[in-house]
Amino acid sequence: MTETANARKIAFATFVRRALDDARAMRAWSGTEVSRRTGVSRQTINRWVRGDWASDPEAERVVAFCEGLGLDPAAAFVALGWDRAAGPRVDPTPPPMDPDVEALLRRLVDPNVSDAEKFHIRETIRYLAYRPTLPAGVRNRGKQAG
């Protein structure tokens with residue numbers, strides 16, 4: 001996979017994830033409700049969030065997803081690199097990455113790593129990324145000397 005294709009997948013996955021987060025936070029919609037209102041299956045939405053697609057998403061599905069959530073499809077098209085009027089996207093220099101995260105990313109793209117191991121890495125990352133934040137009082141208990 002080229003760097004450009006990978007960047008487009010990451011950009012679109014970020015767009016979809018933010019749209020889902022907003023739907024959950026602002027409208028209290030579940031994934032099932034988002035799927036029902038957009039007409040895009042949960043499986044497809046989950047693949048988009050993971051960046052797990054071999055060919056570009058169908059434009060009709062992208063439009064349906066956006067319209068179902070009240071979003072402008074042009075924003076999704078820009079993330080996918082489809083907006084020719086906007087010109088080439090210049091991504092800002094990414095912040096330095098933690099070496100452990102870099103190691104995980106290398107394993108995820110390594111063809112010698114099994115699909116099962118990649119699955120477990122993704123599931124663990126997903127769990128950590130979306131788990132609820134602990135209240136400040138609970139977080140600080142571990143820091144107190146005994």
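**Asp-52 and Arg-50**

Select Asp-52 and Arg-50 and display their side chains. These two residues form a salt bridge in this predicted model, and their closest N and O atoms are 3.3 Å apart. Side chains of opposite charge can pair when their charged atoms come close. Asp-52 has a relative accessible area of 41% and is therefore partly exposed. Arg-50 is likewise partly exposed, at 35% relative accessibility.

**The whole protein**

Now return to the full view and colour the model by secondary structure. How many helices and strands are there in the protein? The protein contains eight helices and zero strands. Reading along the sequence gives the pattern α-α-α-α-α-α-α-α. The protein has 146 residues, of which 24% count as buried. The structure holds eight salt bridges in total, and the next stops visit some of these.

**Arg-8 and Asp-56**

Select Arg-8 together with Asp-56. The two form a salt bridge with closest N and O atoms 2.6 Å apart. Why does this pair tie together separate parts of the chain? Arg-8 belongs to helix H1, whereas Asp-56 sits in the loop between H3 and H4, so the salt bridge connects parts that lie 48 residues apart in sequence. Asp-56 counts as partly exposed, with a relative accessibility of 35%.

**Arg-24 and Asp-21**

Move along helix H1 and select Arg-24 and Asp-21. A salt bridge joins them, with 3.8 Å between the closest N and O atoms. The two residues are three places apart in helix H1, so about one helical turn separates them. An α-helix has 3.6 residues a turn, so residues three or four places apart point the same way. Are these two residues buried or partly exposed? Arg-24 is partly exposed, with a relative accessible area of 44%, and Asp-21 is partly exposed at 34% relative accessibility.

**A network of charges**

Next, select Glu-33, Arg-36 and Arg-37. Salt bridges link these three residues in a network.

**The second largest pocket**

Keep Arg-24 displayed and add Leu-20, Asn-46, Val-49 and Arg-126. These five are the residues closest to the centre of the second largest pocket, out of 13 that line it. The volume of this pocket is about 280 Å³. Rolling a probe the size of a water molecule over the atoms shows where empty space is left.

Which elements give two or more residues to the lining of this pocket? They are helix H1 (3–27), helix H2 (31–38), helix H3 (42–50) and helix H7 (115–130). H3 gives the most to the lining, with five residues. Sorted by class, the lining of the second largest pocket has five nonpolar, two polar and six charged residues.

**Two places where helix H1 faces distant residues**

Select Ala-5, which is located in helix H1, and then Gly-81. Although their positions lie 76 residues apart along the chain, their C-alpha atoms are separated by 9.2 Å. Ala-5 counts as partly exposed because its relative accessibility is 21%, and a residue must be under 20% to be buried.

Select Asp-22, also a residue of helix H1, with Leu-69. Their C-alpha atoms are separated by 9.2 Å, and the residues are 47 apart along the chain. Asp-22 is partly exposed, at 47% relative accessibility.

**The loop after H1**

Select Ala-28, which is found in the loop between H1 and H2. Inspect the backbone here: Ala-28 has a positive phi of about 60° although it is not a glycine. Ala-28 has a relative accessible area of 65%, so it is exposed.

**Helix H4 and its end**

Select residues 59–68, which make up helix H4. Which residues of H4 are buried? They are Val-62, Phe-65, Cys-66 and Gly-68. Just after H4, select Gly-70, where phi is positive at about 75°.

**A nonpolar patch on the surface**

For the last stop, show the surface and select Met-97, Val-101 and Leu-105. Together they form a nonpolar patch on the surface with about 240 Å² of accessible area. Leu-105 lies in helix H6, which spans residues 99–109. With a relative accessible area of 40%, Leu-105 is partly exposed.

Key
Residues are numbered from 1 along each chain as its sequence is written. This is a predicted model: local features need pLDDT of at least 70, side-chain atom pairs count only at pLDDT 80 or more; totals for chains, interfaces and linings use all residues. Side-chain values use heavy atoms; hydrogens and water are left out. Patches are made of residues with over 30% relative accessible area and no salt bridge: like charges are joined within 9 Å, nonpolar side chains (Val, Leu, Ile, Met, Phe, Trp, Tyr) within 5 Å. Accessible areas come from the Shrake-Rupley method with a 1.4 Å probe; for residues, only the protein chains shown count as cover. A salt bridge is a side-chain nitrogen of Lys or Arg within 4 Å of a carboxyl oxygen of Asp or Glu. Helices (H or I, at least four residues) and strands (E, at least two) are DSSP runs, numbered from the N terminus. Buried means under 20% relative accessible area, exposed over 50%, partly exposed in between (1.4 Å probe, protein chains only). On a 1 Å grid over the protein atoms alone, a cavity is a set of points where a 1.4 Å probe fits but cannot get out, and a pocket is an open set with protein on both sides within 12 Å along at least five of seven lines; lining residues have an atom within 4 Å of a point. Grid points are joined across faces, edges and corners, and a volume is the space filled by probe spheres set on the points. Ala, Val, Leu, Ile, Met, Phe, Trp, Tyr, Cys and Pro count as nonpolar, Asp, Glu, Lys and Arg as charged, and the others, Gly among them, as polar.
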